[in-house]
Amino acid sequence: MSPYSIQKIAVIGAGNMGSGIAQKIATEGYPVILVDVDDERVARGVGIIKSVLQQGVERRLFKPDQVEAILGRVHGTSDWDELSAADLVIEAVFEDLDVKRDVFRRLGAVCRTDAILGTNTSSFYVKDLAGVTSHPERVLGLHYFFHPAKNRLVEVIGHAGTDPAAFDAAWAVQEAIGKTPIRSADAPGFVVNRYFVPWLNEAVRLLEEGVADIPTIEAAAKQGFRIGMGPFELMNVTGVAIARHAADTLGRKLHAFYAPAQRLCDQVDAGRNWELGGAGPDPARSQAVIDRLLGITFYIAAKLVDEGVASVEDTDIGARVGLRWSKGPFDLLNRTGVERGRELARAALAPYGLELPALLTAAPAGGIPIRLVAVEDRGALTGVWINRPDAMNALNPAVGKQLAGAIAIARGLGKPLVIGGSGKAFVAGADIKFFVDNLKAGTFPKIQEFTEDGHALLHALSNGAEACVARVQGLALGGGAELAIACDWIVASPKASFGFPETGIGIVPGLGGTQRLARRIGEPLAKFLVYTGQILGAKQAVEIGLADQLATFADLDAACQRQASKGAVAERTAPAAPLAASWKRVWDFFDAHSVDQILSGQADTDGDAALDKAVQRMAQKSEHALRLAERLIDAGAALPLAAGLQLELDLLQEVFGHPDALEGLSSLLESRRPAFASA
Ligand SMILES: NC(=O)c1ccc[n+]([C@@H]2O[C@H](COP(=O)([O-])OP(=O)(O)OC[C@H]3O[C@@H](n4cnc5c(N)ncnc54)[C@H](O)[C@@H]3O)[C@@H](O)[C@H]2O)c1
């Protein structure tokens, strides 16, 4: 049991970052105290939140009553005594060491001795702030990115003396508020700024050295890193002076290589933004720009790992989630080719007398392994973690292959397994583009192979001597829900949701969903979920037995352990009645009526609103897919699980061979309503 229980969060500093952090916390349903030096500044911070949320209403991201509820959870105050109620305090005041130290001293006096204190500092060591408190073990870094209500990345930074339990508790809160946390050591620039700031600086050096002009550098950077804004435009938006200040800090703490270019200092001294216009980009100079930007990125990324600041995976996730690069540094390196990547890094470093990091020197020619799935020691359990938060952990052949490898390794360790995903989703389904590409190319065998591999993988999950628990902290859709139900147990966070949307995109659940679901919750409810694509929240999922336990984020890991201790489950037999009486009408309706009867209007809903809605939903689905799903669920009921699963595989060609499959899958990629041939 963790000694920390975080219910109430406070944010100190109601400026750009503090107000955004508070906004996010309140948006995710948690009360938050927002503190500043006086009432006027508190009101200003609350005003920032209101105006950002108002923009959200205009863009239809929020409804007015939602905004009201969010604002109702933000309590602004300049009375620091109120902080005695806080379990976690996130400091986001001016980036001034003396000011921050003062704040931490004051927090030490007003907060409870079990409160965790986090800092959003960008440039100071966490240890330097922890040092002024009487409980440095409860101090850590929580480095958010602008805009903190929109950018999902947060770097969680423990200093050498941080209590691991405090770190875990603060990490769990980040998950609870929909953030994607990565782990960083207490080092200059932490993870992302360590390469992003030099990346901006190098763009200025390229200009200074006359390698290219601004339009060329902008165009080349956008092309090379597949991003929407080049370095100069980014500096104009986020502040040219901030870029210089950040480079200055890194330069002083690390090496002259990181120090700001003279041209950057001059620009700040002149108080001007960069002039982005001018003659069009010069394509002849573009490769030289890309090479330099890649070279320094490869160097720093490898150095981060060498120094133990971050893992290869977190370094890449930081770039994709925090900076919205389409590929992280290591992925870019592997695509560039390790040999050439080394050359680029060497050439970019030549003026500074720096050596290549060992990771880069020793990197195999085939590329640095990037684990999409990690095997982790999680105390009494072995964790198998899917690590593609920016792609909602979607299953594709590469993930499937690594997942199979990870499960095999984890099974070999002899402990119960817990399977989870990083970021907001557990697993949001299978990679739709993979199916569309193969259908268009006429390469159905690849789909067959992927699905067969998926079946083998889920078989390995569901047939171990030790229990396997799905830790569903967010979305579990399609293949993700099938992955969860292949586990012995499912523990769901309050943010978990489950759904089988396949029939709405012209296919049927193909990774055991038509078989295992019925055995978990009964055929009638399985039909309801598969026919309607209805998404269930965690509470409803527990009500019908789809999930076994609901646990808060803080208790999620402990709940997984408790569930695992119940052992592996032998083959399930479908329940004969719904677990909760409130589901009886739905149960009876889908028990009594076939797809044909429902679609042709012969099934009487007796005016039940929920059933009417279910019937309406079915009318939007592919009729072909609905009939196949019915066939599979009905036939499966009379078969042992293994035979039912085989039947699902046997019908795969019938699923994907129908035009509804390509139409439905394509419609999802193209964000439009499908026009099914069979409906
Ligand atoms: N702006 C960014 O893009 C960004 C990104 C990541 C991290 N950060 C970090 O976040 C922190 C805040 O940055 P910001 O951009 O929000 O600054 P800001 O100037 O917008 O806001 C700072 C707020 O802190 C308040 N404040 C100052 N001293 C205080 C004190 N003693 N007690 C309570 N409140 C106090 C100020 O009144 C102000 O409202 C800094 O540490 C910064 O490095 C900023």
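Cys111 is buried in this predicted model, with a relative accessible area of 10%. Cys560 is buried as well, at a relative accessibility of 1%. The structure as a whole holds zero disulfides. For Cys560 the reason can be given as a distance: the closest cysteine sulfur, that of Cys487, is 10.0 Å from the sulfur of Cys560, which is too far for a bond, because a disulfide requires the two sulfur atoms to be within 2.5 Å.

**The ligand and its surroundings**

The ligand is surrounded by 23 residues, and the closest of them are Met17, Asp36, Glu95, Lys100 and Asn120. By residue type, this shell divides into 12 nonpolar, seven polar and four charged residues. Which element gives the largest share of the shell around the ligand? That share, three residues, comes from helix α4.

Polar atoms of the protein approach oxygen atoms of the ligand from the backbone in two of the contacts listed here and from a side chain in another. The table sets out these distances.

| Residue | Protein atom | Ligand atom | Distance |
|---|---|---|---|
| Met17 | backbone N or O | oxygen | 2.7 Å |
| Val93 | backbone N or O | oxygen | 3.3 Å |
| Ser122 | side-chain N or O | oxygen | 3.0 Å |

On its own the ligand has 830 Å² of accessible area, and the protein covers 81% of that area. The elements that give two or more residues to the shell are α1 (16-27), α4 (97-110) and β6 (139-144).

**Strand β13 and its partners**

Strand β13, which spans residues 468-472, is mostly covered, with five of its five residues buried. In a regular strand the side chains alternate between the two faces of the sheet. In β13 both faces are covered, since Cys468, Ala470 and Val472 on one side are buried, as are Val469 and Arg471 on the other. The charged residue Arg471 is thus among the buried residues of this strand.

Two neighbouring strands are paired with β13. Strand β11 (residues 417-421) runs parallel to β13 and is joined to β13 by three bridges, and within this pairing Leu417 stands opposite Cys468. Strand β15 (residues 489-492) also runs parallel to β13, and here four bridges make the connection; the bridge partner of Val469 in β15 is Trp489.

**A sheet of four strands**

A separate description applies to an open sheet of four strands, in which the order is β12-β14-β16-β17 and the pairing is mixed. Why is one side of β12 and of β17 left without a neighbour in the sheet? Both β12 (425-427) and β17 (536-537) stand at the edges, and each has a single partner strand, so one side of each remains without a neighbour. The pairing of β12 with strand β14 (residues 475-477) is parallel and rests on two bridges, and Val427 has Ala476 of β14 as its bridge partner.

**Backbone features in the loops**

Most residues other than glycine have a negative phi, and most peptide bonds are trans. Against that background, several places in the model deserve a careful look. The peptide bond that joins Phe146 and His147 is cis, with an omega of about -10°, and His147 is found in the loop between β6 and β7 (153-158).

Phe190, although not a glycine, has a positive phi of about 50°. Phe190 lies in the loop between β8 (180-185) and α7 (192-208), and with a relative accessible area of 1% this residue is buried. Arg324 likewise has a positive phi without being a glycine, in this case of about 60°, and its place is in the loop between α13 (312-322) and α14 (329-336). Is Arg324 buried or exposed? At 53% relative accessibility, Arg324 counts as exposed, because the cut-off for that class is over 50%.

**A buried residue in helix α6**

Ala176 belongs to helix α6, which comprises residues 164-176, and counts as buried at 5% relative accessibility. Ala176 and Glu466 are 290 residues apart in sequence, and in space the separation from C-alpha to C-alpha is 28 Å.

Terms used
Residues are numbered from 1 along each chain as its sequence is written. This is a predicted model: local features need pLDDT of at least 70, side-chain atom pairs count only at pLDDT 80 or more; totals for chains, interfaces and linings use all residues. Side-chain values use heavy atoms; hydrogens and water are left out. A residue is near a molecule or strand if one of its heavy atoms lies within 4 Å of it. A polar contact is a pair of N or O atoms within 3.5 Å; within protein, one must be able to donate a hydrogen and the other to accept it, and residues adjacent in sequence count only if both atoms are side-chain atoms. Accessible areas come from the Shrake-Rupley method with a 1.4 Å probe; for residues, only the protein chains shown count as cover. Buried means under 20% relative accessible area, exposed over 50%, partly exposed in between (1.4 Å probe, protein chains only). Two strands pair if DSSP finds at least two bridges between them.
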